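Hi,

Here's the structure I said I'd pass on. Have a look at it first, and my notes on what turned up are underneath.

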Amino acid sequence: MSEITIRVAIAADLPAITAIYEEAVLHGTATFEIDPPDLAEMTRRFETLASGGFPYFVAVDGYQVLGYAYAGPHRPRVAYRFTVEDSIYLTPAAQRRGIGSKLLAALIVACEAKGFRQMVAVIGDSDNTGSVAVHRNAGFQMIGIHPNVGFKFGRWLDTVSMQRALGTGGGTLP
């Protein structure tokens with residue numbers, strides 16, 4: 001395995017990001033979307049996060065994008081402004097190689113630097129033990145499981161909620 005680099009995502013990465021997400025939508029349960037968004041929609045989502053000052057990273061091997069991760073608002077109400085939700089997606093070939101952990105570590109550092117205080121993970125499908133382990137190893141704690149809240153591929157799916165303090169968390173005022 002060559003050296004994996006984590007760097008800030010740029011617009012030129014969006015076709016690869018779109019393809020990675022399409023694979024996840026069509027064949028996985030990490031996302032509950034049913035129809036994969038096109039490049040225009042993925043570009044709109046990227047620009048919304050970038051203009052909001054949220055971190056967005058890619059993992060690359062040379063010039064090949066193997067995965068991406070970003071933090072976005074946990075909820076739209078202003079009281080949640082210090083809490084972010086993370087998302088991580090990898091190509092199937094990049095899974096179980098530690099790349100998700102590297103992306104998550106970069107997100108945590110960037111979010112702490114921006115003054116966020118909590119990071120929430122909403123993991124699609126309680127059978128997604130790899131994502132649960134990546135988050136647990138990064139200091140996330142299990143908050144709970146929402147059973148049978150999504151329906152995809154002819155079956156009910158759970159979501160797993162995990163959370164991690166950033167910086168001083170709720171120990172001091174922002």
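One term before anything else: a strand here is a DSSP run of E with at least two residues, and strands are numbered from the N terminus. In that sense Asp61 lies in strand S2. Please keep in mind that this is a predicted model.

While we're on Asp61: its relative accessible area is 23%, so Asp61 is partly exposed. Its C-alpha is 6.4 Å from that of Thr5, although 56 residues separate Asp61 and Thr5 in sequence.

**The sheet**

How many strands make up the open sheet, and in what order? There are 7, arranged S1-S2-S3-S4-S5-S7-S6, with mixed pairing. Strand S1 (5-8) and S6 are the edge strands, each pairing on one side only. On average, neighbouring strands are turned by 25° against each other, if you ignore direction.

I went through the S7 pairings in some detail. S7 covers residues 155-165 and runs antiparallel to S5, with 7 bridges joining the two. One of the pairs to look up there is Met119, whose bridge partner in S7 is Arg164. S6 (residues 141-152) is also antiparallel to S7, and 8 bridges join S6 and S7. Along S7, you'll find Gln163 opposite Gln141, Leu157 as the bridge partner of Gly150, and Trp156 as the bridge partner of Phe151. S6 and S7 form a hairpin with 2 residues between the strands, and Phe153 in that hairpin has a positive phi near 55°.

**The helices**

Two packed helices are described by the angle between their axes and the distance between the axes. For helix H1 (residues 14-27) and helix H2 (residues 39-51), the axes come within 9 Å and cross at roughly 110°. Angles of 65 to 115 degrees count as roughly perpendicular, so H1 is roughly perpendicular to H2. On the H1 side the contact is made by Leu14, Pro15, Ile17, Thr18 and Tyr21, and H2 brings Leu39, Met42, Thr43, Arg45 and Phe46. By type, the residues of this H1-H2 contact come to 7 nonpolar, 2 polar and 1 charged.

H1 also meets the sheet: the helix lies across strand S2 (56-61), strand S3 (64-73), S4 and S6, and runs at about 80° to S3.

**Aromatic rings**

With rings counted as a pair when their centres lie within 6.5 Å, the model has 8 aromatic pairs. Take Tyr68 and Tyr70: the ring centres are 6.3 Å apart and the planes are at 15°, so this pair is stacked, the cut-off for stacking being planes under 30 degrees apart. Buried or exposed, what is Tyr68? Tyr68 is buried, because its relative accessible area is 1%. Tyr70, on the other hand, counts as partly exposed at 21% relative accessibility.

Tyr68 and Tyr70 belong to one aromatic cluster together with Tyr21, Phe46, Tyr56 and Tyr89. Two names will be familiar from the helix section: Tyr21 of H1 and Phe46 of H2 both take part in the H1-H2 contact.

**Two more positive phi values**

Apart from the hairpin, I noted two loop residues that aren't glycine but have a positive phi. For Arg96, phi is near 65°. Arg96 is in the loop between strand S4 (83-90) and helix H3 (99-113). Its relative accessibility is 73%, so Arg96 counts as exposed.

For Asp125, phi is about 75°. Asp125 is in the loop between strand S5 (118-124) and helix H4 (129-137). Why does Asp125 count as buried? Its relative accessibility is 5%, and buried means under 20%.

If you only have time for a quick look, I'd go to the H1-H2 crossing, the Tyr68 and Tyr70 pair and the S6-S7 hairpin.

Cheers

Conventions:
Residues are numbered from 1 along each chain as its sequence is written. This is a predicted model: local features need pLDDT of at least 70, side-chain atom pairs count only at pLDDT 80 or more; totals for chains, interfaces and linings use all residues. Side-chain values use heavy atoms; hydrogens and water are left out. Helices (H or I, at least four residues) and strands (E, at least two) are DSSP runs, numbered from the N terminus. Buried means under 20% relative accessible area, exposed over 50%, partly exposed in between (1.4 Å probe, protein chains only). Axes are lines fitted to C-alpha atoms, for helices over the stretch in contact, and angles run from 0 to 180 degrees between N-to-C directions. Angles under 35 degrees count as roughly parallel, over 145 as roughly antiparallel, 65 to 115 as roughly perpendicular and the rest as oblique. Contact means heavy atoms within 4.5 Å. Ala, Val, Leu, Ile, Met, Phe, Trp, Tyr, Cys and Pro count as nonpolar, Asp, Glu, Lys and Arg as charged, and the others, Gly among them, as polar. Two strands pair if DSSP finds at least two bridges between them. Rings of Phe, Tyr and Trp (its six-membered ring) pair if their centres lie within 6.5 Å; planes under 30 degrees apart count as stacked, over 60 as edge-to-face and the rest as tilted.
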